[in-house]
Amino acid sequence: MSLADRSPKALTDSLELDYFRRQRWPRRLRTWAAVGAAVLAVVAFIAAVGASGQRSFQAGPVAEPHAGFADDCAKCHGESFRTASKFWTSSPHFATPDAACLHCHEAGRHAARQTENTGTNDQASNCAGCHREHLGQSLVRLSDRYCTQCHANLAQHTSGGPAKYANTIHDFAGHPEFGAWRNEQLKDPGSIRFNHQVHLALPATLLDSEKLSEAERKARRERLGEMAPAFENLNQQQCQYCHEPDAGRRYMKPVRYDNHCSTCHPLRVPIVASWTDEKSRSLALAISGERLHHPGPGQTAANVRGECLEHLFRFLAKAGTPSAMKQEPARPPILDRPLTNTDRSWAEARRAEIERILYRPQSEFARVNDTVLWSQAGCAYCHQEKTAPDQRPNGLPEYEPPQQQSRWFPHAEFNHGSHRAMACTACHEKAQTSTQTSDVLLPKADLCKQCHNPAAGVRSDCVTCHLYHDRTCEKRGLNGMLSARELVPGFGGK
Amino acid sequence: MHLRDRRNLPWAIVTAVLAALAAVPCFMRAFLTPLPMTGGTTLGLWYGTAAAVLMLSVGLVFVALRARDRRLPQPGWIAAVEQLICVLLWPLRMIPAWRKQPRAFWLRFHVWFGLLSVVLVLCHSGVRAGGLLTIALWVLLGLIVLSGALGLLLQQYLPGSLAQQVPQEAPFEQLPHLYRGLAGRADELVVRLAAIAPAETKTELLGFHTGTLRPYLLGTPSGSPLATALSADETFSKLRLITGWSVVEDRAGEVEKFIGALVERKLADKALNQVRDLFALESPAKLAQACNDLFSAATPLQPAESQQLARLCRDAWLEDLARLCRSRREFAEQERLSFWLHGWLALVHVPLSAALLVLTIAHIVASLYY
């Protein structure tokens, strides 16, 4: 029979009936390929374990801060996982005792009245209950649900009566007004008189008023003297001329007189008298132009008085006033001649005159001309005097401390640096119209919610602003307990 | 397994329902607690166990079936492994309704419950990649699912294509035997051709046979001048040109005339009927052979008749050789399609599954050890 004539019948006739006994490559290869792949998997597994050690069995990469001891599981897992026991017990056992975390970290508890996750010695407990490792994500960027476990119904999770915080918060959209705003009208307790509106508008008015001719502008700049560059800077930098961020660009450093005020509001000793000679007149003018040091924290008007006298004595020394008491023993070190009684009485008279101007009560300001430019208004122009003018001890006034508030919302964290793309007035809207020191220019929650909401895409989770652990409980602060070798097993690259 | 087969519907429904039910605890946990789902939790461990059992079942069920249906002895270790797997899959075999199901049933079980096992693995892992070992497991599982899907797609189209391009598909294991049969038939035809060929063309004919035809029929077809229809036609045309054996344009008519002439010579009716039966087969080779057998013994042919018969036979036998080559080409096409139809399984799906099995065992052991 010809194979070329292959009807089904013919084909059947030409086949070997036991053909299935003879396996061809697909079946043979399948068996051997499976065996080969299994062997290869075993070899690859052994090689991976040899190269990576225990890291091969990790449930996932550790968070970046723990990368230094990724290969030393026992650093955190001091106990067995007891995996098999978890088949029938639902109690979480993370094999990561709190002690392993607290060995490196100080973790203050969240709140004194919380009833859960609170350990001994003001430490939080059940660390791994929230901070889950090996998930390839930050250990501190926890979802809101960890917070709303309690804050969705705070009363159930605290002891000792109603909490002072909102009882129910589910998300930032439902966040109540920020704590500082929540009660009575919020006022800045600062005692320095300051007018934001004037300070933001004045430089432009003085320097670049369109009503002025070029010659007038030039004359005005000359008259402003050393204040002109400061005004220009203030005009350009606006808020940040005074409000400088800290090194982390999170918060603003306190406004300092020397850095931010003294150029336009200098503290000087004007030596005023009827001069008969040119030398004394020019010397008095020069010394009058010198600035006194502004009293720092803990210093008083007595410091100003001392420096004032020093200026006057220096004037006397350089002016060459005739002296009749060369043997005068007590003298300021700057004098190159003994102080005479005439000198003393003259200096005392000048000091009294200067202090009369410098410590003038605020009620007399109406009589002062050009106070801004020459600071003739005295200290009370900005400071509030505690003492009555007629009851000043030693004739020196006492002023209220400035009380600059650096943090308004102590339970929240803010980062000005993260918001640097925005104008200050985008959030501090009232800055350009504020005239009173007591005005609080901070935004309210509704303004923050405009951007910080899921629809806008700006993160609005709790940990964006809030910290769980009370860092004031971290007694060691940045001074930890471990050496580098103890912390990093691979110290020195070995 | 045809995807459009209605018998898939119950499997799809059951798989979807089971997957939904299986995912419920996972979603409930996600709703009730902020803690992420991991394989190390109680729920995760049960998910992992269920996934492992299901994966092993769908993966090894064919090994058990192979053992069940085996009629031939196997090397000892393979048989031992198969028997071990049969023991492991004992619960499945205990279900009477399932025990005697055909392989198509178990293929559906493999496909649909294999997908269900992926859902369980997703729940087990909390949809996270994990560490080095678990990433390797994920990659293998993904490749296995992809190769399985590819195999299913191939099975939707290739069998139809095979039936179209290889009308007389032969059992794959029998192809080498058929190649030898083709070569044997070619040997026979060439011997006959050589017997009636002039001396000067015999050398060319035998050279073609040993150098081209036989290696092609027995060996690897690619690269041979007979491997494609076009080059094969050219090769046979050249052979006819060299041997001077031109094509008989109307061979059937000439055969009819040849037979008619024989009838005129008062051939018996029985013999004529035999000849006509041979015509009905439409096989020139058979015809020529039969004519030769019929007349060579009883009725010696006249010289002119012998020449005519030789001419017709040469033409028929050459055409028969061409048909043998065409059959060989069809078988080659069957081999090619069979490679795609079965190769993905042998080279990709099964080896990856074996590797996954090994690493899954390592994963389980490591999890329980620590």
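Trainee: How many residues does the contact take from chain B and from chain A?

Mentor: In this predicted model, 49 residues come from chain B and 49 residues from chain A.

Trainee: Which elements give two or more residues to the side of chain B that touches chain A?

Mentor: They are helix H2 (42–69), helix H7 (132–165), H8 and helix H14 (303–369) of chain B. H14(B) gives the most, with 21 residues.

Trainee: And how do the residues on that side of chain B divide into nonpolar, polar and charged?

Mentor: There are 29 nonpolar, 15 polar and five charged.

Trainee: Let's stay with chain B. What makes H8(B) roughly antiparallel to H9(B)?

Mentor: Look at the angle. The axes of helix H8 (residues 175–196) and helix H9 (residues 199–218) of chain B come within 10 Å and cross at roughly 175°. Angles over 145 degrees count as roughly antiparallel, so H8(B) and H9(B) earn that label.

Trainee: Which residues make that contact?

Mentor: From H8(B), they include B:Tyr179, B:Leu182, B:Ala186 and B:Leu193. H9(B) brings, among them, B:Lys202, B:Leu206, B:His209 and B:Leu217. The residues of this contact divide into twelve nonpolar, one polar and three charged.

Trainee: Over to chain A, then. Why is A:Arg82 called partly exposed?

Mentor: Count its neighbours: A:Arg82 has 13 other C-beta atoms within 10 Å. Buried takes 20 or more and exposed takes 12 or fewer, so A:Arg82, with 13, is partly exposed. You'll find A:Arg82 in the loop between helix H2 (25–52) and helix H3 (98–102) of chain A.

Trainee: What is the phi of A:Arg82 near?

Mentor: Phi of A:Arg82 is near 50°, a positive value in a residue other than glycine. Most residues other than glycine have a negative phi.

Trainee: How do you know that A:Asn126 counts as partly exposed?

Mentor: Same kind of check. A:Asn126 has 16 C-beta neighbours inside 10 Å. The partly exposed range lies between 12 and 20, so A:Asn126 belongs there. A:Asn126 has a positive phi of about 55° although it is not a glycine, and its place is in the loop between H3 and helix H4 (127–130) of chain A.

Trainee: Where in chain A is confidence lowest, and where is it highest?

Mentor: The lowest is in helix H14 (residues 371–374) of chain A, at a mean of 44, and the highest is in helix H16 (residues 445–451) of chain A, at 93. Over residues 368–375 of chain A the pLDDT is below 50. For chain A the mean pLDDT is 81, and 88% of its residues reach 70 or more.

Definitions and conventions
Residues are numbered from 1 along each chain as its sequence is written. Chains are lettered from A and ligands numbered from 1 in the order in which they are written. This is a predicted model: local features need pLDDT of at least 70, side-chain atom pairs count only at pLDDT 80 or more; totals for chains, interfaces and linings use all residues. pLDDT is the predictor's confidence in each residue, from 0 to 100. Helices (H or I, at least four residues) and strands (E, at least two) are DSSP runs, numbered from the N terminus. Two residues are in contact if their C-beta atoms, placed from the backbone, lie within 7 Å. Axes are lines fitted to C-alpha atoms, for helices over the stretch in contact, and angles run from 0 to 180 degrees between N-to-C directions. Angles under 35 degrees count as roughly parallel, over 145 as roughly antiparallel, 65 to 115 as roughly perpendicular and the rest as oblique. Ala, Val, Leu, Ile, Met, Phe, Trp, Tyr, Cys and Pro count as nonpolar, Asp, Glu, Lys and Arg as charged, and the others, Gly among them, as polar.
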